[in-house]
Amino acid sequence: MELTLESALSPGGMVGNLSYVLLIASMAMRRMFWLRVLAIGSGLAGIAYDVIWLRDPVGTFWESAFTLTNIIQWMLLIREDRKLRLSPEEFSTWKAFFPSLSARECKQLFIASRHLDGRAGEILIRRGQVVKNIYILLTGEVSIRLDDVEVSRCGPGDLLGEMSFLSGEPASADTVMTADCAMMEVDQNHLASLIKGSDELGRSINNLISMNLVQKLNRQTQREGATAL
């Protein structure tokens, strides 16, 4: 096919253009599922272009190999997603506390964690202690204390021990449960491994930690302002 404006806008040219547009769009996808879907669409358009208009056996072969590879990877991704489906209880926890994460990311977080219950008065994290886990409070309330003086208070949805996770430094304050609590205990090494294995999950977890820190700071500022009044 001769390269002219007329040929580029012909039905065959439009199919060829569509193949490249879908390929470029797939590279812009952050979700692997949609990357594969658009890549498959690109390959199918490329096959049609090579077979019907170009009659190019070499191009047809490589477009077919490209499409088949993406179909296989897409099917493997679907099978893996089925293994990572949330139970009804996990679904409720996801919607209540982690709406910024995808269901897949939340399931990975659940896999890296275990359920933990605590009673009022127990110390969850001691000042100067190297914190090996991150805790996600589901129910109850905890007090953050420095030299027996409460400097902050955390409730359901808050992360505990995340500063030590980010900095690698020991805890700078005591974390005391002021009510019976239920929480998720996330192993830091397991979580760090998950983050290293997936840039997408790493961004989501870091965003979750950052958002929680901002919420804590906002509450602390409001509390100090109310105290000053």
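## Exercises on pockets, a cavity and a surface patch

In this predicted model, the lining of the largest pocket divides by class into 13 nonpolar, seven polar and four charged residues.

**Exercise 1.** Describe the largest pocket by its volume, its central residues and the elements that line it.

*Solution.* Begin with the space itself, which comes to about 550 Å³ in the largest pocket. Next, turn to the lining, where 24 residues take part and where Ile-144, Glu-162, Met-163, Ser-172 and Lys-216 lie nearest the centre. Finally, assign the lining to secondary structure: at least two residues each come from strand 5 (149-154), strand 6 (159-160), helix 7 (162-167), strand 7 (174-177) and helix 9 (199-228).

**Exercise 2.** Carry out the corresponding analysis for the second largest pocket, and determine which element gives the most to its lining.

*Solution.* The volume of the second largest pocket is about 480 Å³. Its lining is made up of 20 residues, and those nearest the centre are Met-32, Phe-33, Leu-77, Arg-104 and Glu-200. Two or more lining residues are given by each of helix 3 (32-54), helix 4 (57-83), helix 6 (103-111) and helix 9. Of the elements, helix 4 gives the most to this lining, with five residues. Sorting the lining of the second largest pocket by class then yields seven nonpolar, four polar and nine charged residues.

**Exercise 3.** Establish how many cavities of 30 Å³ or more the model holds, and characterise the lining of the largest cavity by class.

*Solution.* The count comes to one cavity at the cut-off of 30 Å³ or more, and the space in the largest cavity is about 50 Å³. The residues that line the largest cavity are Leu-109, Ile-134, Ile-136, Leu-159, Val-186, Leu-191, Ile-205, Leu-208 and Ile-209. Strand 3 (133-139) and helix 9 are the elements that give two or more residues to this lining, and helix 9 gives the most, with three. By class, the lining of the largest cavity consists of nine nonpolar residues, with no polar and no charged ones.

**Exercise 4.** Identify the residues of the nonpolar surface patch, and decide whether Leu-54 is buried, partly exposed or exposed.

*Solution.* The patch is formed by Val-51, Ile-52, Trp-53 and Leu-54, which together have about 330 Å² of accessible area. Leu-54 is located in helix 3. To classify Leu-54, compare its relative accessible area of 32% with the limits, under 20% for buried and over 50% for exposed. Because 32% falls between these limits, Leu-54 is partly exposed.

Terms used: Residues numbered from 1 in each chain as written. Predicted model: local features only at pLDDT ≥ 70, side-chain atom pairs only at ≥ 80, totals over all residues. Heavy atoms only, no water. 1 Å grid on protein atoms, 1.4 Å probe; cavity = no way out; pocket = protein on both sides within 12 Å on 5 of 7 lines; lining within 4 Å. Points joined across faces, edges and corners; volume = space filled by probe spheres on them. Helix = DSSP H or I, 4+ residues; strand = E, 2+ residues; numbered from the N terminus. Nonpolar A, V, L, I, M, F, W, Y, C, P; charged D, E, K, R; others polar. Patch = residues over 30% accessible without salt bridge, like charges linked within 9 Å, V, L, I, M, F, W, Y side chains within 5 Å. Areas by Shrake-Rupley, 256 points an atom, 1.4 Å probe, with all protein chains shown as cover. Salt bridge = Lys/Arg side-chain N within 4 Å of Asp/Glu carboxyl O. Buried < 20%, exposed > 50% of the residue type's maximum accessible area, 1.4 Å probe, protein only.
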